[in-house]
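These are my notebook entries on a structure that I am looking at for the opening time. I began with the charged side chains and then turned to the backbone.

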Amino acid sequence: MPPAPRAVWAFEAIGTRWSVETAAPLAPAVRSRVEGIVDAFDRTWSRFRPDSLVTGLARSGGAVPLPADAPAMLDVYTALDTATGGAVNPLVGDALVRLGYGAGYPLSSAADPVPAPAGWRRSLTWEGGRLALDAPAMIDVGAVGKGRLVDLVLAAVQESGAADVLVDASGDLAVRGAAHRIGLEHPFDPRRAIGVIEVADAALCASGVTRRAWGDGLHHVLDARTGAPVRAYAATWAVADTALRADALATALFFEGGPELAAAWGGQWVRMRTDGRVEWSPGSTAELFS
């Protein structure tokens with residue numbers, strides 16, 4: 001017997017396509033709540049909006065009331081920084097802008113790479129009810145932000161009473177209830193998959209150097225220590241208990257220390273090198289095609 005049809009709500013948010021699959025259509029009030037959550041997150045954390053909180057801090061530094069999501073995301077950045085030896089850094093925004101990935105998407109390199117501030121843990125603080133920067137700098141939560149928002153949307157939908165839910169933000173997704181088999185898209189040929197993995201009551205996030213790429217060797221995954229795009233790996237996939245963690249691991253896996261962080265968090269992963277070789281974690285349940 002074929003599976004029962006599911007309700008799908010699709011929308012655009014934070015520059016990408018989203019879908020929410022449930023057994024029954026979501027009520028208008030639930031959709032409105034989700035839209036409010038997404039808008040509030042974007043107004044706080046988008047470095048592409050001139051009116052966002054992080055854009056304001058990039059102009060002048062200083063302190064603002066602590067956003068609700070700051071501790072969860074920045075605590076994860078601390079773990080990423082430690083695991084990768086400083087390769088992942090939330091003050092990498094200016095380095096991305098310098099390479100062409102800024103507001104207005106100029107997508108052309110203006111200058112040679114520059115490192116992100118190495119002392120970001122002293123410059124950026126989130127305690128005492130304040131988010132503070134001791135000097136102007138562009139916060140970029142690209143390593144964890146979409147995953148965090150997937151978790152927030154999932155929680156809002158679950159609170160409406162939905163049991164079987166799939167929230168998909170163009171490849172970064174979370175599943176509750178029935179399991180889903182997800183294809184791992186080939187980074188160099190989106191018509192193909194390198195394998196599939198079943199996701200149940202967990203999250204899967206992916207990252208690839210062929211997405212958000214805008215020139216010879218220019219893409220969004222930077223090594224904060226140099227400000228230059230990474231070269232060794234082309235794509236990563238990580239499964240974890242939350243999308244926040246899966247998203248963070250998908251970035252960490254481009255660097256030394258990523259697999260160790262995944263093991264500490266109980267995550268599993270697959271990654272492809274730029275020469276096409278594929279690596280995976282011990283205990284990975286992914287079915288990889290030869």
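I looked up E279 and R271 and found that their side chains meet in a salt bridge, at 2.7 Å from N to O; the model I am reading is a predicted one. I then checked how each partner sits: R271 is buried, at 9% relative accessibility, whereas E279 counts as partly exposed because its relative accessible area is 21% and the buried class ends under 20%.

I went on to D223 and R225, whose side chains also meet in a salt bridge, at 2.9 Å from N to O. Here D223 is the buried partner, with a relative accessible area of 13%, while R225 is partly exposed at 42%.

My next pair was E12 and R17, joined by a salt bridge at 3.5 Å from N to O. I noted E12 as exposed, since its relative accessible area of 54% lies over the 50% cut-off, and R17 as partly exposed at 45%.

I also searched the whole structure and obtained 17 salt bridges, and I wrote down that D39, D42, R43, R49 and D51 are linked in a network of such bridges.

Turning to the backbone, I found that I14, in the loop between β1 (7-13) and β2 (16-22), has a phi near 45 degrees, which is a positive value in a residue other than glycine. I found a positive phi for S170 too, near 55 degrees, and placed this residue in the loop between β6 (165-169) and β7 (172-176). I recorded I14 as partly exposed at 34% relative accessibility, and S170 as partly exposed with a relative accessible area of 34%.

Notes: Residues numbered from 1 in each chain as written. Predicted model: local features only at pLDDT ≥ 70, side-chain atom pairs only at ≥ 80, totals over all residues. Heavy atoms only, no water. Helix = DSSP H or I, 4+ residues; strand = E, 2+ residues; numbered from the N terminus. Buried < 20%, exposed > 50% of the residue type's maximum accessible area, 1.4 Å probe, protein only. Salt bridge = Lys/Arg side-chain N within 4 Å of Asp/Glu carboxyl O.
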